[in-house]
Amino acid sequence: MSAASILPLRLEEVAYEAGGRTLIEPVSLDIAHGPRSLLLGPNGAGKSLLLRLCHGLIRPSRGRVVWQGAAPGGNGVPLLHRQAMVFQRPVMLRRSALANVEYALKLRGLGRKDRRERATAMLARTGLGALARMPARRLSGGEQQRLALARAWAVEPEILFLDEPTANLDPAAVKLVEEIIGAIHAAGTKIVMTTHDLAQARRLADEILFLHRGRVVERRDAASFFAGPRTEAARAFVEGRLHW
Amino acid sequence: MQDLAAALGLALQLIARADSALAEIVGRSLEVSLAAVGLATLFGLPLGAAIALFHFPGRHAVTVLLNALMGLPPVVVGLVAYLLLSRSGPLGVLGLLFTPTAMIIAQFFLVTPIVAALARQTVEDLWAEYSEQLRSLGTSPMRALPTLLWDGRFSLTTAVLAGFGRASAEVGAVMIVGGNIDHVTRVMTTTIALETSKGNLPLALALGFILILLSIGVNAAAFLLRETARERTA
């Protein structure tokens with residue numbers, strides 16, 4: 001891994017349209033190393049889309065996504081290798097838990113022995129050590145999500161995107177996943193995560209980006225956001241009033 | 001009716017004592033069909049996966065053509081292979097006509113579209129499920145190809161078995177390019193055709209039994225594979 005950071009990530013007037021509708025209104029923002037940034041907002045606000053635009057899984061209809069030190073628009077494999085993403089529904093390869101982690105490491109060019117060592121260590125760190133040989137798809141939902149985190153963490157990304165990683169999990173599994181996210185952050189990875197769960201946002205966020213109808217309407221540190229949202233949409237959301 | 005019963009009895013005897021003429025023919029059949037299917041697998045799986053993964057002009061046309069080729073009439077394949085391999089044909093210098101190699105070539109062309117078309121479908125379905133995750137991991141389409149073939153291994157084995165079923169059961173192609181020469185290119189299906197017309201029913205029936213057993217075996221294997229896959233990935 002080269003020394004130069006790919007952060008901050010800069011969005012310049014990025015907009016996304018599909019089927020004649022603007023799903024993400026033009027937005028410009030910087031995402032720098034450091035605080036855990038949570039994209040908060042109701043379903044359909046555009047959180048997942050914004051995350052995918054940042055990660056490069058979809059291309060903006062307008063504007064640019066620029067990584068530090070990368071040519072504008074350059075969004076190839078080398079950049080992806082410095083990032084990772086955990087999806088709402090983890091996609092596990094049809095092989096063992098261990099092999100799933102090793103696969104990601106192989107793409108980064110690690111040798112067989114290093115892959116095995118690092119993958120084993122990651123499974124231990126995420127509490128999956130005993131399940132290493134199990135077919136990944138036979139793990140429970142919570143275990144699969146922890147495996148997805150182990151796979152993402154194993155490649156030591158500079159920035160980790162998480163798209164509603166606990167949306168389908170029971171409270172015990174949510175707790176484990178949140179602990180792992182905290183550990184990944186503590187180990188120096190930038191966290192950018194979407195959630196529609198207020199309690200979770202309060203637990204995890206250092207800063208909040210509040211989205212409403214495809215627009216980033218507020219961006220503040222978490223404490224002041226929850227103390228008093230400035231916009232009516234955010235106030236309604238925090239107070240649990242529906243607001244469409 | 002009595003003749004039939006007698007023929008049946010003789011056929012079972014042939015199988016029971018592993019008659020040498022019978023064994024030779026069964027062995028050659030398996031040799032030819034397994035070689036053809038092996039080659040078709042090596043070629044057809046990556047081909048099908050590539051059509052599923054890469055976007056190129058005419059991709060839809062290729063897909064339609066491939067699906068249509070699944071139903072290629074064996075006699076037509078035999079005829080084309082014959083024209084290519086005959087003395088005056090473009091590959092005539094190789095002197096392959098009426099050899100087992102010619103039969104392998106003909107069956108290869110018969111089976112490859114089946115393997116490739118089924119592989120394309122399997123890989124395309126997998127890609128729909130995997131694409132975001134694999135792209136996020138930094139997988140290029142080139143790297144995704146072997147990944148998806150491996151992850152689709154259970155369904156793909158069914159595709160290969162379907163190809164084997166087709167190869168071992170067809171008579172038209174091997175008859176034309178093989179010539180049904182005793183001890184050289186005679187296989188189960190061509191022998192059945194010949195012996196039946198000669199009235200030698202026991203041998204024809206014995207071979208018929210074995211073909212059906214083979215077909216049942218292949219389908220049982222496909223079924224077991226599907227079950228295993230379901231268990232392992234439920």
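1. Burial in chain B. Chain B has 234 residues, and 41% of them count as buried. This is a predicted model. The mean pLDDT of chain B is 91. In that chain, 98% of the residues reach 70 or more. For the complex, the predictor gives an ipTM of 0.89 and a pTM of 0.87.

2. Make-up of chain B. The secondary structure of chain B consists of 10 helices and 0 strands. Read from the N terminus, the elements run α-α-α-α-α-α-α-α-α-α. The C-alpha trace of chain B spans about 70 × 50 × 25 Å along its principal axes. Look also at sequence separation. Among contacts in chain B with a separation of 6 or more, 80% join residues 24 or more positions apart.

3. The core. The largest nonpolar core holds 132 residues. Which residues have the most contacts inside it? They are B:Ala106, B:Val115 and B:Val177. Helix H5(B) gives the most to this core, with 19 residues.

4. B:Val115 in detail. This residue is one of those with the most contacts inside the largest nonpolar core. Leave aside residues up to four places away in sequence. B:Val115 then touches B:Ala40, B:Thr41, B:Gly44, B:Leu45 and B:Gly48. B:Val115 also touches B:Ala159, B:Val160 and B:Gly163.

5. The interface, seen from chain B. In the contact between the chains, 15 residues of chain B meet 15 residues of chain A. Three helices of chain B each supply at least two residues of the side that touches chain A: H5 (100-137), H6 (141-151) and H10 (201-233). The largest share of that side, 7 residues, comes from H5(B). By class, the side of chain B that touches chain A has 3 nonpolar, 6 polar and 6 charged residues. H5(B) therefore appears twice in this note: it gives the most to the largest nonpolar core, and it supplies the largest share of the side of chain B that touches chain A.6. Helix H9(B). This helix covers residues 188-198 of chain B. Its buried residues include B:Met188, B:Thr189, B:Thr190 and B:Thr191. B:Gly199 follows H9(B), and its phi is positive, near 85°.

7. Helix H1(A). Is this helix, residues 47-55 of chain A, largely enclosed or open? It is largely enclosed by the rest of the structure, because 8 of its 9 residues are buried. The buried residues are A:Lys47, A:Leu49, A:Leu50, A:Leu51, A:Arg52, A:Leu53, A:Cys54 and A:His55. A:Lys47 and A:Arg52 are thus on the buried list with the leucines. After H1(A) comes A:Gly56, with a positive phi near 90°.

8. The sheet of chain A. Three strands of chain A form an open sheet in the order E2-E1-E4, with antiparallel pairing. Strands E2 (21-31) and E4 (62-67) stand at the edges. Each has a single partner strand, so one side of each is left without a neighbour in the sheet. From one strand to the next, the twist averages 20°.

9. The E1(A)-E2(A) hairpin. Strand E1 (residues 9-18) of chain A runs antiparallel to E2(A), and 7 bridges join the two. A:Leu11 stands opposite A:Leu29. A:Tyr16 has A:Ile24 as its bridge partner. What lies between the strands of this hairpin? There are 2 residues, and A:Gly19 in the turn has a positive phi of about 55°.

10. The E8(A)-E9(A) hairpin. Strands E8 (residues 207-212) and E9 (residues 215-221) of chain A run antiparallel, joined by 6 bridges. A:Phe210 in this pairing stands opposite A:Glu218. This hairpin also has 2 residues between its strands. Here A:Arg213 takes a positive phi near 50°.

11. A:Gln144. This residue is found in helix H5 (residues 141-154) of chain A. Why does A:Gln144 count as buried? It has 23 other C-beta atoms within 10 Å, and the cut-off for buried is 20 or more. Not counting residues up to four places away in sequence, A:Gln144 touches A:Pro90, A:Met92, A:Ala136 and A:Leu139. A:Arg82 is 62 residues from A:Gln144 along the chain, and their C-alpha atoms are separated by 22 Å.

Technical notes. Residues numbered from 1 in each chain as written. Chains lettered and ligands numbered in written order. Predicted model: local features only at pLDDT ≥ 70, side-chain atom pairs only at ≥ 80, totals over all residues. Buried ≥ 20, exposed ≤ 12 C-beta atoms within 10 Å, placed from the backbone. Helix = DSSP H or I, 4+ residues; strand = E, 2+ residues; numbered from the N terminus. pLDDT = per-residue confidence, 0-100. Contact = placed C-beta atoms within 7 Å. Nonpolar A, V, L, I, M, F, W, Y, C, P; charged D, E, K, R; others polar. Pairing = 2+ DSSP bridges. Axes fitted to C-alpha atoms, helices over the stretch in contact; angles between N-to-C directions. Core = buried A, V, L, I, M, F, W, Y, C linked by C-beta atoms within 7 Å.
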